[in-house]
Amino acid sequence: MELGPAVADVVLAIKIDAKTCYTGHQSLRRLAERLDNESVDAAFMEALAVPNDGKNVENNRRVEAMRCLSSMFFVTADELQAEKERL
């Protein structure tokens, strides 16, 4: 499953919404940090779990999705902050 296009659509919608709020970039950064922490926790718990191929594939996808979203939200937060500073 290709996450990139779906994530880009979600991030764009959230970016548009975040632009309406003075602290939108800070909120996005906090969201990105939460997703990043969740992905680390999920990966750690998976490493401790009893091997189960079906469950491991599902967990890997979940971790990949959280990391992808986190990365996109960090980038978007930086873009919004830069736009704000230019004004």
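This passage describes the confidence, the nonpolar core and the largest pocket of a predicted model.

Across the protein, the mean pLDDT of the predicted model is 87, and 97% of the residues score at least 70. Confidence varies between the helices, with the lowest mean, 84, found in H1 and the highest, 91, found in H2.

In soluble globular proteins, nonpolar side chains tend to be buried together. In this model, the largest nonpolar core consists of 12 residues, namely Val7, Val11, Ala18, Leu28, Ala32, Leu35, Ala42, Val63, Met66, Phe73, Ala77 and Leu80. Each of the helices H1 (4–19), H2 (24–48) and H3 (53–86) contributes at least two residues to this core, and the largest share, five residues, is provided by H3. One of the core residues, Ala77, is in contact with His25, Leu28 and Arg29 when residues up to four places away in sequence are left out of the count.

Turning to the empty space, the largest pocket has a volume of about 150 Å³, and its lining is made up of Ala18, Lys19, Cys21, Tyr22, Gly24, His25, Leu80, Glu83, Lys84 and Leu87. By character, five of these lining residues are nonpolar, two are polar and three are charged. The lining also draws on H1, H2 and H3, each of which supplies at least two residues, while H3 gives the most, with three. Ala18 and Leu80 belong to the largest nonpolar core and are also among the residues that line the largest pocket.

Methods
Residues are numbered from 1 along each chain as its sequence is written. This is a predicted model: local features need pLDDT of at least 70, side-chain atom pairs count only at pLDDT 80 or more; totals for chains, interfaces and linings use all residues. Side-chain values use heavy atoms; hydrogens and water are left out. A nonpolar core is a set of buried Ala, Val, Leu, Ile, Met, Phe, Trp, Tyr and Cys residues joined through side-chain atoms within 4.5 Å. Buried means under 20% relative accessible area, exposed over 50%, partly exposed in between (1.4 Å probe, protein chains only). Helices (H or I, at least four residues) and strands (E, at least two) are DSSP runs, numbered from the N terminus. Contact means heavy atoms within 4.5 Å. On a 1 Å grid over the protein atoms alone, a cavity is a set of points where a 1.4 Å probe fits but cannot get out, and a pocket is an open set with protein on both sides within 12 Å along at least five of seven lines; lining residues have an atom within 4 Å of a point. Grid points are joined across faces, edges and corners, and a volume is the space filled by probe spheres set on the points. Ala, Val, Leu, Ile, Met, Phe, Trp, Tyr, Cys and Pro count as nonpolar, Asp, Glu, Lys and Arg as charged, and the others, Gly among them, as polar. pLDDT is the predictor's confidence in each residue, from 0 to 100.
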